[in-house]
Amino acid sequence: AFVVSIIISTIGFLIINHLFVKPLNSLETHISQCRLSGSEPKTQGVIVQEFYTLKILFDQLISALQNRSQNLETINSEMEQLVHQRTKELTSKIGELQKMSEFKSQFFANMSHEIRTPMNAIHGYAELLRELDLDEDAKNYTDSIYQSTKSLLMIINEILDFAKIIEDKSELNLRVFNFNELLNNLRKLFESSCKAKGLKLNFTLLDDSNVWVKGDKDRIRQVLVNLISNSIKFTEKGSVDINCQCRDSNNKALVHVQVKDSGMGIGNETLNAITNGHHLTSKNYGLGLKICQDLLKQMKTALNVQSQENIGSSFEFELVLEKMHHPITSAKKAIDFSVLGYKPNILVVDDNRINLELVKDCLKGLPLNCHLKSSGQAALDFMESNPTDLILMDCQMPQMDGFEATNKLRSQGVDIP
């Protein structure tokens with residue numbers, strides 16, 4: 001039985017060697033000798049037909065892979081060229097957009113200067129007229145001019161603030177102030193307009209009259225002015241109520257503000273646009289509410305609006321402000337120029353003649369010498385031979401602006417304010 005087993009094993013090994021091992025060795029030899037160009041194979045002995053066919057298929061596969069590789073290299077090269085071209089185009093577009101953004105910023109800066117210059121002159125002269133002893137009609141005319149220019153300046157500020165907000169250039173200016181004092185000033189501001197329309201203006205101040213906080217007073221005032229102005233504008237009868245409450249939380253003052261009116265209310269479509277934070281293009285609401293939303297967002301809060309048509313509207317927000325102690329300030333004293341022993345010399349530099357005359361008129365009641373110059377270079381020439389105690393310099397002027405003139409004065413050792 002043992003011998004039979006050995007014989008059977010030997011026969012099986014020979015059969016396997018003949019049918020599989022030899023053909024595989026022959027296939028390995030042919031594959032190593034085959035040419036990629038598809039030349040005829042060199043026959044060495046008898047090869048099983050199936051393996052020879054497989055070898056041919058391998059040659060075809062190699063050729064196909066070669067072609068595919070060449071195609072991929074071509075596609076890759078084309079893609080690289082396309083990406084390079086698109087990158088170049090995008091870089092050019094980004095450069096154009098940056099130039100447009102810079103142009104827009106420069107445009108708003110120039111517009112601010114050009115519009116504010118005459119408006120400030122009108123506003124300033126109107127304020128000087130109010131200080132004169134005028135008859136009743138003249139006082140009313142002067143007050144109308146003063147209030148109108150003030151409103152127009154407010155609109156200009158809103159447009160410029162809106163542009164800054166879009167470009168994320170608007171920054172908060174934090175300072176200490178009394179919240180009730182701010183509310184009292186607003187009450188004085190709107191009393192006359194409410195009285196003219198026969199409306200009641202009700203202010204509910206904070207319970208503690210001595211609430212000093214740290215925040216952006218100007219931005220908070222702007223939000224309240226916009227909301228109160230809109231309420232007065234769209235209310236024909238009834239009242240406009242400003243309700244304020246304050247509570248403490250971890251050395252923070254949480255000031256809740258509500259501006260409520262009994263006016264015409266806001267339609268559902270417009271109300272949904274306000275609630276969803278969409279830009280308002282309605283001719284009635286203008287930029288006011290949008291600016292309020294954006295300013296409050298900067299102060300990490302939001303505007304909550306509720307309204308019913310022909311019943312009224314309510315605008316609410318809550319400010320988180322740092323609670324402060326009452327600042328110690330000394331009483332204001334009139335400047336005593338006699339202690340100097342001479343009349344101070346003040347140099348005023350502005351390319352606008354009306355502004356120069358306005359500053360001169362504002363200072364004419366003081367014991368000082370006022371010198372007017374219309375350019376930065378004229379100011380430098382004046383400073384060479386004239387002692388000066390104070391310089392009031394306009395920033396934007398042709399040829400040499402205020403910044404360049406100031407830098408040149410500082411480089412010459414002039415350190416006067």
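Among contacts in the protein chain between residues at least 6 apart in sequence, 71% link residues at least 24 apart. Keep in mind that this is a predicted model. The chain carries 10 helices and 10 strands, and 32% of its 417 residues count as buried.

**The cores**

So where does the nonpolar packing sit? The largest nonpolar core has 41 residues, and those with the most contacts inside it are Phe179, Ile220, Leu224, Leu227, Leu303 and Phe317. At least two residues of this core come from each of H4, strand E2 (200-204), helix H5 (217-233), E4, E5, H7 and strand E7 (312-324). H5 gives the most, with seven residues.

Leu303 is a handy place to start looking around. Leaving out residues up to four places away in sequence, Leu303 touches Leu227, Leu289, Cys292, Gln293, Leu296, Phe315, Glu316 and Phe317. There's also a second, separate core of 13 residues, with Leu380, Phe382, Met400 and Ile416 among them.

**Helix H4**

Next up is H4, which covers residues 179-197. Its 19 residues should span 27 Å at 1.5 Å a residue, and because the end C-alpha atoms are 27 Å apart, the expected and modelled values agree. Even so, H4 has a kink of about 40 degrees, centred on Phe190.

Which residues of H4 are buried? They are Phe179, Asn180, Leu182, Leu183, Leu186, Phe190 and Cys194. A bit of background helps when reading that list: an α-helix has 3.6 residues a turn, so residues three or four places apart point the same way. Phe190, then, turns up both as a buried residue of H4 and as the centre of the kink.

The two ends of H4 are worth a look as well. At the N-terminal end, Asn178 acts as the cap, with a side-chain oxygen 3.0 Å from the backbone nitrogen of Asn180. Just after H4, Gly198 takes a positive phi of about 75 degrees.

**An aromatic pair**

How many aromatic pairs does a search of the whole structure find? It finds one. The rings of Phe177 and Phe179 have their centres 6.1 Å apart and their planes at 35 degrees, so the pair counts as tilted. Both Phe177 and Phe179 are buried. Phe179 is also one of the residues with the most contacts inside the largest nonpolar core.

**Positive phi in the loops**

Gly198 has company: Asn250 and Lys300 come next, with their phi values in the table.

| Residue | Phi |
|---|---|
| Asn250 | near 55 degrees |
| Lys300 | near 60 degrees |

Each of these is a positive value in a residue other than glycine. Asn250 belongs to the loop between strand E4 (239-249) and strand E5 (252-261). Lys300 is found in the loop between helix H7 (288-298) and strand E6 (304-308).

Are they buried or exposed? Asn250 has a relative accessibility of 74%, so it counts as exposed. Lys300 is exposed too, because its relative accessible area is 77%.

**A histidine in H2**

Last stop is His123, which lies in helix H2 (residues 49-130). Its relative accessible area is 15%, so His123 is buried. Not counting residues up to four places away in sequence, His123 touches Tyr146, Thr149, Lys150 and Leu153.

Technical notes
Residues are numbered from 1 along each chain as its sequence is written. This is a predicted model: local features need pLDDT of at least 70, side-chain atom pairs count only at pLDDT 80 or more; totals for chains, interfaces and linings use all residues. Side-chain values use heavy atoms; hydrogens and water are left out. Helices (H or I, at least four residues) and strands (E, at least two) are DSSP runs, numbered from the N terminus. The expected span of a helix is 1.5 Å times one less than its number of residues. The bend at a residue is the angle between axes fitted to the seven residues ending there and the seven starting there. Buried means under 20% relative accessible area, exposed over 50%, partly exposed in between (1.4 Å probe, protein chains only). A polar contact is a pair of N or O atoms within 3.5 Å; within protein, one must be able to donate a hydrogen and the other to accept it, and residues adjacent in sequence count only if both atoms are side-chain atoms. A nonpolar core is a set of buried Ala, Val, Leu, Ile, Met, Phe, Trp, Tyr and Cys residues joined through side-chain atoms within 4.5 Å. Contact means heavy atoms within 4.5 Å. Rings of Phe, Tyr and Trp (its six-membered ring) pair if their centres lie within 6.5 Å; planes under 30 degrees apart count as stacked, over 60 as edge-to-face and the rest as tilted.
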